[in-house]
Amino acid sequence: MIKIITVCGNGIGSSNLLAMKINQIAKRNGFEVEARSCDFNAAMGEHADLFVTVDEFAKQLPSDKKVAVVRSYADKKKISEDILPVLENLIK
């Protein structure tokens, strides 16, 4: 199972929506993931296989964290295009 943490400023709205979308996309494409949301500050102390966020927050996360950048928190098509190649690389 791939542990994913989605990150936004407050960890309530945008990142929660992103986590739900990633869980749906992963399931539909046969990936076993557990995505949950987190605010940016709390994410600093979290451990996960992958952190997913928009470019603004990705640039601020430490370099020791594996980060995937998505272009949207809500657009399922864009999220799919951004996250599926990353998930494929993680299971290789």
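The following exchange concerns the predicted model of this protein.

Reader: What makes the radius of gyration of the protein agree with that of a compact globule?

Author: For 92 residues, a compact globule would have a radius of gyration near 12 Å, and the protein has 12 Å, so the two values agree. The C-alpha atoms fill a box of roughly 30 × 25 × 20 Å along the principal axes.

Reader: In what order do the helices and strands of the protein run?

Author: The protein has 4 helices and 4 strands. From the N terminus on, they follow the order β-α-β-α-β-α-β-α.

Reader: How do you know that the span of helix H1 agrees with its number of residues?

Author: Helix H1 covers residues 14-28, which is 15 residues. The expected span is 1.5 Å times one less than the number of residues. That rule gives 21 Å for H1, and its end C-alpha atoms are 21 Å apart, so the span agrees. Just after H1, Gly30 takes a positive phi of about 80°.

Reader: Why are certain residues of H1 called buried, and what covers them?

Author: A residue is called buried because its relative accessible area is under 20%. In H1, Ser15, Leu18, Ala19, Lys21, Ile22, Ile25 and Ala26 are buried. Their cover includes strands E1 (2-8), E2 (33-39) and E3 (50-53), together with helix H4 (76-91). Over the protein, 45% of the 92 residues count as buried.

Reader: What share of the exposed area do carbon and sulfur atoms supply?

Author: Carbon and sulfur atoms supply 48% of the area of about 5100 Å² that the protein exposes.

Notes:
Residues numbered from 1 in each chain as written. Predicted model: local features only at pLDDT ≥ 70, side-chain atom pairs only at ≥ 80, totals over all residues. Heavy atoms only, no water. Helix = DSSP H or I, 4+ residues; strand = E, 2+ residues; numbered from the N terminus. Rg over C-alpha atoms; globule rule 2.2 N^0.38 Å. Buried < 20%, exposed > 50% of the residue type's maximum accessible area, 1.4 Å probe, protein only. Areas by Shrake-Rupley, 256 points an atom, 1.4 Å probe, with all protein chains shown as cover. Contact = heavy atoms within 4.5 Å.
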